Structures are given as structure tokens and as C-alpha cells.
Amino acid sequence: MFEKLFGTSDGLKDMLPKVRGQYIENVKLAKYTWFGVGGPAEVLFLPKDTDDLKTFLVRKPQAVPVTIIGGGSNLLIRDGGIPGVVIRLDAPEFSKITFNGTEVTLGAGLRNADLKKELIKRGVGGLEFICSVPGRIGGLIRTNAGCFNRSVDEVLVKAHIMNEWGEVYEVGAEDFNFKYRSSMFPDNWIVLDVTLKGIESKPEEIQKIIDEQAEYRKAHQPINKKTAGSTFKNPEGLAAWKLISEAGCKDLKVGGAEVSDMHCNFLINNGKATAEDIENLGEMIVEKVKEKTSITLEWEVRRMGVKK
Ligand SMILES: Cc1cc2nc3c(=O)[nH]c(=O)nc-3n(C[C@H](O)[C@H](O)[C@H](O)COP(=O)(O)OP(=O)(O)OC[C@H]3O[C@@H](n4cnc5c(N)ncnc54)[C@H](O)[C@@H]3O)c2cc1C
């Protein structure tokens, strides 16, 4: 495990400000990630609402590092865990949904999947692709997630973010400088809510698109396995899975980490993998693809924390 930043037994929690939410010490983060691996958070903070989050950021000792996580569906948290405070927006206050015509404002803690029934009820279409992406709204924006030839930057109207000093700003899509599966999003910004623009649509049409997209995923991706989705970004004009396949990586394994036989850009924890197994397998693939094609694959999965 990491060297605790603030001494041994009860160091860090005692230095943190009084909040209305919850601090939990030494929480295993594996259960908060889709890969099911990862060491502990020194402290996990679950703020009660935006004001509580602000109080924490304003009053915490400056040297305490803060990491925000969402649904953990794009994360490889290393076996040594994450030093400092990890924040998750689990409180109901962060999961609100408010419609204004075909625009919808969503709390950053909302699970993408929970948007589905509201879109159908309101007859707001154009946002169906979001419902099939695992994870939550904050992570969706941060990663500029997309699928079925759509991405979230196309539908983003504005977002409220909180910076490391607890100040809240309204920002537009242009402030994020979105690129394919990434943005110039500063690491110290926390997304609080986002407003997306949809279009008028018939409930049965929305339902049909959502069902078709869910079926497609089921047929083409190992969605019921311990994975974090596409491991590597597609290099411009190329498909990462094709490069991985052509470099002979389809049957590679390291410890309990394997390449998915359903989609070779997905890595799988077979139940016994450590984060190190998964990271080493990924790096082995990067090397082999480079040897074969001179292309260096870039990780799409976000690696966090320290090695054991
Ligand atoms: C089976 C499977 C299929 C997938 N398919 C797709 C796909 O089709 N398209 C696609 O784009 N992705 C896909 N992914 C990857 C993943 O679902 C997306 O990247 C998702 O948007 C991540 O959201 P999350 O809430 O899980 O974020 P996390 O994985 O928890 O975090 C991702 C990043 O977002 C940051 N973050 C989280 N919340 C906030 C916040 N409130 N404020 C600021 N930063 C925040 C974290 O710090 C981290 O950098 C897939 C994953 C799986 C497991």
C-alpha cells in the first residue's frame, strides 16, 4: 500500500474539515471500478451536496491531493491505491434530472443508464447513445464519451464545474476544447451538472434506438465481464482492435488479465487479475503493435494511483 501521506494511524481524516457528508478511511477501490481491481483510497469523501463539497475544498489542507471518480468504468486503479482523498458524487443531490423543453440538465453523479426512462417519458431523443455508455454523467463529459457515431461534445450546451478552490463556473463546450475521447479539461475541475440538447422524438422511437444499441453491445462487447471498455484510442483513421489483432495479441495473457475473445481492444480481469497484470498486458500490447506497425497506441483507459 502507499505510504500514508499524513502519518500512520489516524493522520489524514483528522486533518480534514468538518463536513455534512461522509469520510470513509482506507476504502478498497476495487469495488468501485468495473475492472474490479485497485488498492485503497486513503480517505473516500462522499459530499452531501455542492455546498458540502465547497466547504471541503475551501478548508482542506492545501497539500492534500484530491481525485474525483465516477462510475469507475474507464479506470485502472493501481494496486497501491490512491493517496489523499478520493471523491464520489453519490448523494441524491448530484443525480437530479431537470427538463426544459428538449434541453435536459443532469447531475454529474447520475448513472447514464438512469436517463433512459426519463427520455422516453418526455419524448426527448438524440441522446439515446448516452444511455448505453457505462458510468455516470461527470465521467461521460470528462472522457468525451461516444458511440454509434455520436459523442457527447455534439450535444453539450453548458456545464457547471467547481475548481480546486470551491468556486463554481458555468462553462460551454468550447471551454473544454474537446477532442476524440479527451478534452483540455483541467484535472482540478469537478463537473457538478451538465445541460445537453436533445430533439423532439416519439417515445417508441427512442425506446427502439435504445434497445437496438443495447442489443448491439451485447452481441459485440464483453459487457458482462470485468473490463473498462476500449483500452486504447483509435489512432486517426485506424482501428485499434485491428492493429492489436494484426500484431498477434489476441491470445495474450498476463496473470489473471486477458485480451477479450469478443473484442480484442477490451482487456478482461478473469477474476484473479491485479491492476499490475492488466497494466502489464496493456503495455505488452503497446510494444507488440509498435514493433509491427511503428504506431504507439495511446491508452483510453485512465490509469490512476500508485503501484504496490
Ligand atoms: C463495457 C464497457 C463499454 C464501454 N463503452 C464505451 C463507449 O462505447 N464509448 C465510450 O466513450 N466509453 C465507453 N466505455 C468507457 C466508459 O464507460 C466511459 O469512458 C465513461 O464515460 C466513464 O464514466 P465513469 O463515470 O465511469 O467515469 P470514471 O471511469 O469513474 O472516470 C473517468 C474519468 O472521469 C473523471 N471524472 C469522473 N467524474 C467526474 C466529475 N464529476 N468531474 C470531473 N471528472 C470526473 C475521472 O477523474 C476520470 O478521469 C465503456 C466501458 C465499459 C466497461
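How many disulfides does a search of the whole structure find? Zero, in this predicted model. The views below start with two of the cysteines, then move on to the ligand and the cavity.

**View 1. C147 is a cysteine without a disulfide partner.** The search of the whole structure came back with zero disulfides, and C147 is in none. Look for the sulfur of C131: that's the nearest cysteine sulfur to C147, and it sits 9.5 Å away. A pair would need its sulfur atoms within 2.5 Å to count as a disulfide. As for its surroundings, C147 counts as buried because its relative accessibility is 12%, and the cut-off for buried is under 20%.

**View 2. C249 has no disulfide either.** Here the nearest cysteine sulfur belongs to C264, at 8.1 Å. C249 has a relative accessible area of 0%, so this residue is buried.

**View 3. The ligand has 36 residues around it.** Which of them come nearest? Those are I68, G70, S73, N74 and G146. If you're picking residues to label in this close-up, here are the names to start with.

**View 4. G72, S73 and N74 each place an N or O atom close to a ligand oxygen.** For G72 it's a backbone N or O atom, 2.8 Å from an oxygen atom of the ligand. N74 also uses a backbone N or O atom, again with 2.8 Å to an oxygen atom of the ligand. With S73 the side chain does the job: one of its N or O atoms is 2.6 Å from an oxygen atom of the ligand. Zooming out a little, the ligand on its own has 980 Å² of accessible area, and the protein covers 96% of that.

**View 5. The model's largest cavity is lined by charged residues.** The count comes to one cavity of 30 Å³ or more, and the largest cavity has a volume of about 40 Å³. Who's on the walls? The lining is made up of R78, D79, E276, E279, K307 and K308. Sorted by type, that gives six charged residues, no polar ones and no nonpolar ones.

Conventions. Residues are numbered from 1 along each chain as its sequence is written. This is a predicted model: local features need pLDDT of at least 70, side-chain atom pairs count only at pLDDT 80 or more; totals for chains, interfaces and linings use all residues. Side-chain values use heavy atoms; hydrogens and water are left out. On a 1 Å grid over the protein atoms alone, a cavity is a set of points where a 1.4 Å probe fits but cannot get out, and a pocket is an open set with protein on both sides within 12 Å along at least five of seven lines; lining residues have an atom within 4 Å of a point. Grid points are joined across faces, edges and corners, and a volume is the space filled by probe spheres set on the points. Ala, Val, Leu, Ile, Met, Phe, Trp, Tyr, Cys and Pro count as nonpolar, Asp, Glu, Lys and Arg as charged, and the others, Gly among them, as polar. Buried means under 20% relative accessible area, exposed over 50%, partly exposed in between (1.4 Å probe, protein chains only). A residue is near a molecule or strand if one of its heavy atoms lies within 4 Å of it. A polar contact is a pair of N or O atoms within 3.5 Å; within protein, one must be able to donate a hydrogen and the other to accept it, and residues adjacent in sequence count only if both atoms are side-chain atoms. Accessible areas come from the Shrake-Rupley method with a 1.4 Å probe; for residues, only the protein chains shown count as cover.
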